[in-house]
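Here are some exercises to work through with the model open beside you. Try each task before you read its solution.

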Amino acid sequence: MSVAMARAFDHLSLFSSVSISFLLAFLSCFETCYSFKAKHVNLSRSGTHWASAGATWYGSPEGAGSDGGSCGYGNAVSQPPFSSMITGIGPSLYKSGKECGACYQVKCIKRMHGSCSGRPVRVVITDFCPGGPCAAESAHFDLSGAAFGAMAIPGQDEKLRNAGVLRIRYARVACDYSGKTIAFHVDLGSNPNSFSVVVEFEEGDGDLAGVALKETSEGSGKWRPMQQSWGAVWKLDATYQLKPPFSIKLISQYSRQTLVAKNVIPDTWSPGSTYRSLVNYL
């Protein structure tokens, strides 16, 4: 091999080593300096993906379906920010109550019914529809009378409600409560040794993957996981008397974001009371 060729190979080897070193250094810096990590999808930033479902309605024509529903929100369903724009849902989307609080847009178009406006309407899952078309179809929304009528052309809501089972389009969307903070409604069955709470008005995902409680005064200072009791009700059974105030940590279901409401449950908490936090996801 000639001297010139040997030098060329040496330069090529040196260039390759430098290039590889530079690339590794760049990737290391990119990961460290910019915290590049795989993230879960954020509903507020993801596109809207429409699918087909069946729809019916229940309760009074302009009402909120039932007073409360199986998620445990009680009469809050007829009050702002729910404002009766709620839905019961079939088993495929209810998922044993894990989807309570999730938000969807629903719409119907003219080829489905002449009174359809085609305008999307946002609804919140607050109830379970266990039988009939709700169980038979892959996806079914049993809407409140108010929500069903809201899909109609203005003035034709009654005609639309007379349609029976309607084919609609639906899409999972982020919940938006216009800046309202998360509220915690203490279940009537709570006592010093067993604490249950309904979590309300989570923006973004709307549903929860996990909830934990921490005693922040004289307690251990450790987060104790709560169990989903039913619907949107989360419960902690202790072997001793819990010591308030309590902080509550939430993990959203869809994007796995964590949020802490510090000292949200006061020393003087009482069953049946609602305590509003200073935080929300958006």
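**Exercise 1. Find the partner of Cys-108 and give the handedness of the link.**

Step 1. Look for a disulfide, defined as a pair of cysteine sulfur atoms within 2.5 Å. Cys-108 is joined in this way to Cys-116, with an S to S distance of 2.2 Å.

Step 2. Turn to the torsion. About the S-S bond of Cys-108 and Cys-116 it is about -110°, so this disulfide is left-handed.

Step 3. Check the surroundings, where buried means under 20% relative accessible area, exposed over 50% and partly exposed in between (1.4 Å probe, protein chains only). Both Cys-108 and Cys-116 are buried.

A word on the ground rules: this is a predicted model, in which local features need pLDDT of at least 70 and side-chain atom pairs count only at pLDDT 80 or more, while totals for chains, interfaces and linings use all residues. Residues are numbered from 1 along each chain as its sequence is written, and side-chain values use heavy atoms, with hydrogens and water left out.

**Exercise 2. Work out which parts of the chain are tied together by the disulfides of Cys-71 and Cys-103.**

Step 1. Count first: the structure holds four disulfides. With the bonded cysteines of the protein chain numbered in sequence order, they pair as 1-2, 3-8, 4-5, 6-7.

Step 2. Take Cys-71, whose sulfur is 2.0 Å from that of Cys-100. The torsion of -80° about their S-S bond makes the link left-handed. Helices (H or I, at least four residues) and strands (E, at least two) are DSSP runs, numbered from the N terminus. Cys-71 sits in the loop between strand 1 (51–58) and strand 2 (86–89), and Cys-100 in the loop between helix 2 (91–94) and strand 3 (103–107), so the bond ties together parts 29 residues apart in sequence. Cys-71 is buried at 0% relative accessibility, and Cys-100 is buried at 4%.

Step 3. Now take Cys-103, which forms a disulfide with Cys-175, the sulfur atoms being 2.0 Å apart. Here the torsion is about 110°, so the disulfide is right-handed. Cys-103 belongs to strand 3 and Cys-175 to the loop between strand 6 (166–173) and strand 7 (183–186), so this pair connects parts 72 residues apart in sequence. Cys-103 is buried at 1% relative accessibility, as is Cys-175 at 0%.

**Exercise 3. Trace the open sheet of eight strands and name its edge strands.**

Step 1. Two strands pair if DSSP finds at least two bridges between them. The strand order is 13-12-9-10-11-8-7-14, and the pairing is antiparallel.

Step 2. At the edges are strand 13 (258–265) and strand 14 (274–276), each of which pairs on one side only.

Step 3. Zoom in on strand 9 (residues 208–215) and strand 10 (residues 224–230): three bridges join these antiparallel strands. Val-211 stands opposite Met-226 in strand 10.

Step 4. Follow the chain into the loop between strand 9 and strand 10, where you meet Gly-221. Gly-221 is partly exposed, with a relative accessible area of 41%. Its C-alpha is 9.9 Å from that of Ser-247, although Gly-221 and Ser-247 are 26 residues apart in sequence.
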